[in-house]
Amino acid sequence: MRIGELASRTGVSVRSLRYYEDQGLLTSSRSASGQRHYREEEVERVAFIQRLYAAGLSSRTIADLLPCVDAPSEENSDAALERMARERDRLSEHITDLVRTRDTLDMLMSVARKHREGLRPAVAE
């Protein structure tokens with residue numbers, strides 16, 4: 001199938017599919033005129049790549065995980081699980097930082113509200 005059909009079937013833009021190919025996540029063959037042609041299996045591969053992106057993984061990390069799909073083995077599975085665990089740890093650290101940042105903002109908002117209360121004009125007696 002050509003790139004437009006793959007894009008249509010997967011809901012992914014042609015631009016994204018080209019990017020996936022540039023990053024080594026997707027492969028195609030080329031016609032004599034240079035048009036990309038994809039196998040039927042690439043539909044599921046694109047869906048899998050999309051799930052990995054939705055999990056917050058970068059294209060580099062996804063490329064590290066694909067040997068588990070392309071050449072299933074205990075070694076590749078272990079490597080993929082280890083890589084995903086490192087990404088999960090990274091995300092957990094980021095979440096902790098975001099919570100800390102949110103809490104700091106909450107404190108600043110509280111101080112600003114108290115300051116705002118002090119700006120109200122005195123009521124005449």
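This passage describes the nonpolar core, the helix packing and selected residue contacts of a predicted model.

The largest nonpolar core comprises 19 residues. Leu6, Leu17, Tyr20, Leu26, Val46 and Ile62 have the most contacts inside it. Four helices each supply at least two residues of this core: helix 1 (3-10), helix 2 (14-22), helix 3 (42-54) and helix 4 (59-70). Helix 3 gives the most, with 4 residues.

Val46 is found in helix 3. Its relative accessibility is 0%, so Val46 counts as buried; the cut-off for that class is under 20%. With residues up to four places away in sequence not counted, Val46 touches Leu6, Thr10, Val12, Leu17, Tyr20 and Leu26. Leu6, Leu17, Tyr20 and Leu26 are also among the residues with the most contacts inside the core. Val12 lies 34 residues from Val46 along the chain. The C-alpha atoms of Val46 and Val12 are nevertheless separated by 8.1 Å.

Helix 1 packs on helix 3 at an angle of about 55 degrees, and the two axes are 10 Å apart. Helix 1 is therefore oblique to helix 3. The crossing of helix 1 past helix 3 is right-handed. On the helix 1 side, Leu6, Arg9 and Thr10 take part in the contact. Their partners in helix 3 are Glu42, Val43 and Val46.

Thr10 belongs to helix 1. It has a relative accessibility of 23% and so counts as partly exposed, the class between 20% and 50%. Beyond residues up to four places away in sequence, Thr10 touches Val43 and Val46. Glu42 is 32 residues from Thr10 along the chain, with a C-alpha separation of 9.5 Å. Thr10 also has a polar link to Leu6. A polar atom of the Thr10 side chain lies 2.7 Å from the backbone oxygen of Leu6.

Helix 2 meets helix 3 at another angle. The axes of helix 2 and helix 3 come within 12 Å and cross at roughly 85 degrees. Helix 2 is therefore roughly perpendicular to helix 3. Leu17, Tyr19 and Tyr20 in helix 2 face a set of four residues in helix 3, namely Val46, Ile49, Gln50 and Tyr53. Val46 thus appears in the contacts of helix 3 with helix 1 and in those with helix 2.

Two charged side chains were examined in the same way. Glu21 is found in helix 2. Its relative accessible area is 18%, so Glu21 is buried. The side chains of Glu21 and Arg36 are joined by a polar contact of 3.0 Å. Setting aside neighbours within four places in sequence, Glu21 is in contact with Leu26, Ser28, Arg30, Arg36 and Tyr38.

Arg45 lies in helix 3. At 17% relative accessibility, Arg45 counts as buried. The Arg45 side chain makes a polar contact of 2.6 Å with the side chain of Asp70. With residues up to four places away in sequence not counted, Arg45 touches Leu25, Leu26, Leu66, Val69 and Asp70. Leu26 is contacted by Arg45, by Glu21 and by Val46.

Helix 4 also packs against helix 5 (residues 74-118). The axes of helix 4 and helix 5 come within 7 Å and cross at roughly 155 degrees. This angle makes helix 4 roughly antiparallel to helix 5, a label for values over 145 degrees. Helix 4 passes helix 5 in a left-handed crossing. In helix 4, the residues involved are Thr61, Asp64, Leu65, Pro67 and Cys68. In helix 5, the residues they meet are Asn76, Ser77, Ala80, Arg83, Met84 and Glu87.

Notes
Residues numbered from 1 in each chain as written. Predicted model: local features only at pLDDT ≥ 70, side-chain atom pairs only at ≥ 80, totals over all residues. Heavy atoms only, no water. Core = buried A, V, L, I, M, F, W, Y, C linked by side-chain atoms within 4.5 Å. Buried < 20%, exposed > 50% of the residue type's maximum accessible area, 1.4 Å probe, protein only. Contact = heavy atoms within 4.5 Å. Polar contact = N/O pair within 3.5 Å; in protein donor to acceptor, adjacent residues only side chain to side chain. Axes fitted to C-alpha atoms, helices over the stretch in contact; angles between N-to-C directions. Parallel < 35°, antiparallel > 145°, perpendicular 65-115°, else oblique. Left-handed = near helix turned anticlockwise from the far one by under 90°.
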